[in-house]
Each structure stands twice: as C-alpha cells, then as structure tokens.
Amino acid sequence: MLASSTTKGISKDKSQAEMQNLQNLPYDLLLNIAQYVDLRDVHALQLTCSALRDFTTTRSVFRKFAFALLRRCRPLPLAGFQSLSNLSTEQLMKSVNKAAQFEHAWRVRAPRPISTKKIWYKVVSAPPNEEIDWLSPITSSYTLCATKSGKVICWDIGSDRCIAQWNPGEKWELWKCRVEFEEKAVYFTMAKLLSDPQILNDERVMEFILMRLSFPEDESAHNNGKGHPIELFSTASDPTASPIFSEVATFMTTGVVMNVFLLDPPARLLSAFIWVSGPNTIGLYTLLDWETQEYVYIDTGIECLQYSNWSCILHEDQIVIHSEETDAAYQHFYPISLLRRYKKKISAHSPVPALSARVSPARTQAKRFAYPLIPLFVDPDLESTTSTAINNSPSVLNDTEELLSDLGASESTESTVASVPTLAAASALPLPFATNPIPTMSINSANPFPTPPWLPESAHFVRQWWPTLPGVPRVSCTVILLADHDPETHLTRFAFAQHYFTVPFNAPDNDRHNASCASEEHKIAASPSVDPSLDGDMMKMWYVSTPFDVVYVNDNIDDDAQDRSRPLVAVDFGHAVWVEQCDNEMDIGTGTTVSSDTKCLRFVTFPSIGEEDPADQQPAESTIRTLELPDELDLDTVETINIDQSQGAVILSSTEGQVFFLFYT
C-alpha cells in the first residue's frame, strides 16, 4: 500500500515537472515569452529540442524580429521588388538572420568581405562612351544611372546589359528619384535650365519632366530570395520583360529651385522649394495632382538662412517643411486643404508659375538637438581645437517658447540665403547674399561644432525607402558633413553629425499655431504623438570628429565656370561611407596600415534607434573603419559612390567604365 502511494506521488510530481518544462507551455504563452528574448537566444533554443525548434522557426516569432529590425531602421535583404508579405517563412528567417548579422557586425567591428572563398565583389559595365553623373541601385537586380549627356539608363546587374534607356536628345539632369515597391516602379524628375545660368533671382526659369520606369508585374518571380548576397544582385531577369520609361508630367518653375520632392507618387503629389530672392524666403511650389493642369505657388515667409538644411515630408494630409539649424530643428505644417485655396491653372499662354500670396504655416513645431560631451581634441597640424568639451555652459535659448519666439522675429532679420543646393541648376548661388551674421538663435554654446566656423558642406536626408510592416513608426535620418576651412593654411578639416527625427516631433507642447488662419477648418489639431519610446533617441547628435580629408570630384560641364565639385560621400540610415585622402596610419578596425598619399574607403556606423548603452549614457563618437578593396579597383578613378545596407553593399562607379559592387558582412 505504501509502495503504491509512493509510486502515485512520484508520478504526480513527474507530471507536474513535465508541465512546467518550457516546451510544454501553451503556444500563446511561448509567443509572449518570445517578446523578451533576442535572436541569439532563439538560435540557442533551436538547439535544445525538436519542440522548441519547431516553435522558434514559426513565422510569428520571426515576424517579431523583423518588426524589431525595421523599427530600428534596419532594412531586410530582399530580392527585386519582393514584399515582406510574399516571403515564405524560410525566406523571412533568412532575411532576418542576414539583417541581424549586418547590424551586429557593422556596429561592433569593421565590415569585412562577405567571403574569403568566393568572389566577394561583382563588376558590371557602365554605359559605354558615357560619363556617369548619378547612379543608384534599384532593388538588388538593377541600377539606374543618369549620364552627363542627359540619358537615363536601367542596367540589369545579372546579365550586365542595358535593358531600358531614355534619351531626350539634349542635356537634362536627374534631380530626384523614388522607388515605389508596391507599384514596381521608379519615379524620377529631370531638370533643364531655360534661362541664362548667371540669372540667380526670381527671373530664373527651369523646366522639369517627371518620368516613371515601370517594371513587369512578374518581375519579382524570377528570384526566390535564397542564396549568397552576391547572387541576389546577380540573378538576371527575363530578357523579354523589360521595364518601360514613360513621361508622367511636365512643369516649369521660376526662381532658384533648391530641391524637388516626390512626396507621394501613388497620390500624384509633388513639391519643390524655391528661393524667393526679394524677401529672402522659401517659396513652396506644389502639384497637388500632377495629372491636372493646376499648381500652387506660395511664399511661406520662412527665412532662407545660409546655413540651414531643408527637407519636405508628407505627414497624413499635411506638407511639412523641415528645417535644421545649428541648435534646433523646425517643422512648419501646411494642410493640403489650406494649399488648395491658392490653386492656379497652368495654361499654354502662361506656363511659368506666379506667386499667389504669402501664406504662413498653420502651425510650427521646434525641438532642440541633444548634444553629447565631446572630449577635447587638438589637431597638431591645424593648431586649433577640433571640438570643445562643454559641461556648464548655459544654452543661448532655454526653452521651446524662446525658439519659436526667435523664429517669428527672424522674419524681419536680414540674413544670408540657405545652404547651396548640390545639384547643377542651383549650384552657382553666390555666398553670401548678405553681410549680416547668423542670428543668435542659430548659435548654441553647447554645440561642439558651432556655426561658424563649422559649415554644412553637404546634408543628406534619408527616409525609410524599404518595404516595411504595419505599425513600424516612420523615422527620418539626417547626416551632415561639416567642414572648417582655415583661410590662412588652406587646410580643411571635416566631421560628420548624424541624428534621427520624426514628423511631428514627439513634443505636443512645442506647437505654435498660426492665429491668422482665415477659418477654423485650416487650423490643425495637434497630431497624434509618435511612439513615446522613440523620443529618447530622436534629435540626439552622434559625431565622427576625428579629422579626415574627403575626396571631391568635379562635375563641371562644358564651359561652366562655377565650382560644382561634390564630396564622394554616401549615406543610409545610421551609416556613412566616403572616399578619403589617407595619411600613414594603422586602422583599428582591420589592423591594416594605410600608406601615405593614397585614397581609402572609409565607413562608420552610428548607434541605431533603441540601442542600449550599458553606461546609460549617450555615445558621442563612432569609430571610423577602413574597408578592404579589390586589387582591381583604383579609387583615383571613382566618380560616384552609393551604399545599400539591406544587401551589405557599397557601389562605386569609375571613369574606366566599370561599376563595382562590394559586399561586406
């Protein structure tokens, strides 16, 4: 009897123990636990038993990791125009594992060639007898390039051949490009100057063509997303199914166009910033529907400061003018319903637009940058301080109310024109237009790289261009190349500054509504707050302040006497790559010695969104790495540079008619 009771007790204990084992937990409970483990934990669980392996290889688990990567602005490697919803579970797992590998490896060490046993780079031909003016990958299968003669060419990487070409027969310049994955299409604008290049005022006239490159519907079917990353770039498409160029719309502008923005191609929405020379303000030109013969052209009254950087973003039904100065960023909101009040007809007799009115934004937000403490560094060659460690210095402006107050007052302050557009038609702007110093509001004593002497040499605004998942917050990224030129020694030192931001800022109290709006319908209620958990990473500055010398290339055309040189710099979310004039030094990432008077390929990764710092302090500096190069690549011949972090690729075109795809992990 006792033995029987003991046996029953042991059996009961064993049954309870089995129920408490991890593999015996209900699926929903396991899925909840999976929210708190990282990808390395999942890989470890897969090695324990078949039950946990089956669970950890389900779509729900890896969709959670895909969401987390996308939330940190790390794209998944996809083939062609693949969408995440069309991936099989196996393909999703491979994409998540590869993206996580890129993120970890690039953050903790230097990117290394993808393989030592296989060829880790691919060389394809550039368009014959053409100089490349602009080049970018269009998914993993194609590149799109604009030549200095005016052609736009789509190149199939796998078959190494031109599969589509647009040749207008005259010189046009590519200004803006946007990939629409759901449409399997690429939209881009081409620009041509119609007036005298020396005219740099409101009499300047330009013509634009909006083009579309459409890919066949079954394009993505030719690649199953498997294999080595170089194979994703090497799979040739069906030669009988070529993409097609088509003209979408044409329009003209008057004044110095600063930039064009393809805000929402499916909604046929386009905008442009134009410098209004008289009051030195930003003009907003908008095509609310580019299939209609109507436009909106208003003077925003927003002062065009010399050292500001500008972008235009669509947020819900509002066009947002995003401007960044030295110490703060501003967002000016224009509801589309407000802009519709100022529509005008485009006619054959008056194709050149005219300003309708001065229209203030319906509301404005401001948010200060968060600056880290940069250690004091003295460059022995320049005998000057690269950056200053500031601890107790008070800020010039104490709160947002003062920021917005100064913003309103700046309308009556004479100042210099905004930063020079890097593209051809606007690159001839003389500096400065006025002799007044930058207003006090743009100088912050807490900024380790104040303006002046540090000036923005180029600004890169990056949006989330890749396929994403519902619920992933929309975040933008700014990378600015700063330069400090010594007029006596003629030496220039460079630094990178990078930060993330959202639209709107996650600061509802930072609004200043425009009381002059004519009716209540055009006043905007405060937009829903963005994900609060993101706010700690937004507007935080990270730097690369170790002095370096960026290589420039000259883009002068024909008898153009203006200096149109541009830095060989490319950026993606949280990453920057550039060609640098190197000194004799040891690279801490690879341990290789870089000889004097040579060029090298440099790379840096900034902290991602949500990255935890063990010391609970904001990291200030990011480490510069030197990338390994193929022996056949001569950096002296490089004319364009690009980066595709989703595929771990750096793309460089050379004057010798070659395009190099370098794959790192």
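## A disulfide, its strands and some salt bridges

With -65 degrees about the S-S bond, the link between cysteine 582 and cysteine 600 is left-handed. The model is a predicted one. In it, the two sulfur atoms of cysteine 582 and cysteine 600 lie 1.6 Å apart. A disulfide is a covalent bond between the sulfur atoms of two cysteines. The link joins distant parts of the chain. Cysteine 582 sits in strand 29 and cysteine 600 in strand 32, 18 residues apart. Both cysteine 582 and cysteine 600 are buried. The structure's count is one disulfide.

Two other cysteines stay unpaired. Cysteine 154 is in no disulfide. Its nearest cysteine sulfur belongs to cysteine 162, 7.6 Å away. A disulfide needs sulfur atoms within 2.5 Å. Cysteine 154 counts as buried because its relative accessibility is 1%. Cysteine 162 is in no disulfide either. At a relative accessible area of 31%, cysteine 162 is partly exposed.

**Around strand 32**

Strand 32 covers residues 598–605. Is this strand mostly covered or mostly open? It is mostly covered, with six of its eight residues buried. On one pairing, strand 32 meets strand 29, residues 575–582, in the antiparallel sense over eight bridges. Here tryptophan 578 stands opposite arginine 602. Strand 32 also pairs with strand 33, residues 625–626. That pairing is antiparallel too, over two bridges. Phenylalanine 603 stands opposite arginine 625 of strand 33.

Strands 29 and 32 also share a salt bridge: glutamate 580 in strand 29 and arginine 602 in strand 32 are its partners. These two residues are 22 apart in sequence. Glutamate 580 is buried, with a relative accessible area of 6%. Arginine 602 counts as buried at 5% relative accessibility.

**Salt bridges**

How many salt bridges does a search of the whole structure find? The search finds 17. Three of them are listed here.

| Pair | Closest N to O distance |
|---|---|
| Lysine 151 and glutamate 130 | 3.0 Å |
| Lysine 192 and glutamate 170 | 3.2 Å |
| Glutamate 580 and arginine 602 | 3.0 Å |

Lysine 151 lies in the loop between strand 3 and strand 4, and glutamate 130 in the loop between strand 1 and strand 2, so their bridge ties together parts 21 residues apart in sequence. Glutamate 130 counts as buried at 18% relative accessibility.

The bridge of lysine 192 and glutamate 170 links distant parts of the chain as well. Lysine 192 is in strand 7, residues 185–193. Glutamate 170 is in the loop between strand 5 and strand 6. The partners are 22 residues apart. Lysine 192 is buried, with a relative accessible area of 17%. Glutamate 170, with 37%, is partly exposed.

Elsewhere, Arg72, Arg74 and Glu103 are linked in a network of salt bridges.

**Two helices**

Glutamine 91 is in helix 6, residues 89–108. Glutamine 91 counts as buried at 12% relative accessibility. Its side chain reaches the backbone nitrogen of serine 88 at 3.0 Å. Leucine 78 is 13 residues from glutamine 91 in sequence, and 9.0 Å from it in space, C-alpha to C-alpha.

Isoleucine 33 lies in helix 2, residues 27–34. Why does isoleucine 33 count as partly exposed? Its relative accessibility is 34%, and partly exposed means between 20% and 50%. Isoleucine 33 also belongs to a nonpolar surface patch with Leu22 and Leu29. The patch has an area of about 210 Å².

Key
Residues are numbered from 1 along each chain as its sequence is written. This is a predicted model: local features need pLDDT of at least 70, side-chain atom pairs count only at pLDDT 80 or more; totals for chains, interfaces and linings use all residues. Side-chain values use heavy atoms; hydrogens and water are left out. Patches are made of residues with over 30% relative accessible area and no salt bridge: like charges are joined within 9 Å, nonpolar side chains (Val, Leu, Ile, Met, Phe, Trp, Tyr) within 5 Å. Accessible areas come from the Shrake-Rupley method with a 1.4 Å probe; for residues, only the protein chains shown count as cover. A salt bridge is a side-chain nitrogen of Lys or Arg within 4 Å of a carboxyl oxygen of Asp or Glu. Helices (H or I, at least four residues) and strands (E, at least two) are DSSP runs, numbered from the N terminus. Buried means under 20% relative accessible area, exposed over 50%, partly exposed in between (1.4 Å probe, protein chains only). Two strands pair if DSSP finds at least two bridges between them. A polar contact is a pair of N or O atoms within 3.5 Å; within protein, one must be able to donate a hydrogen and the other to accept it, and residues adjacent in sequence count only if both atoms are side-chain atoms.
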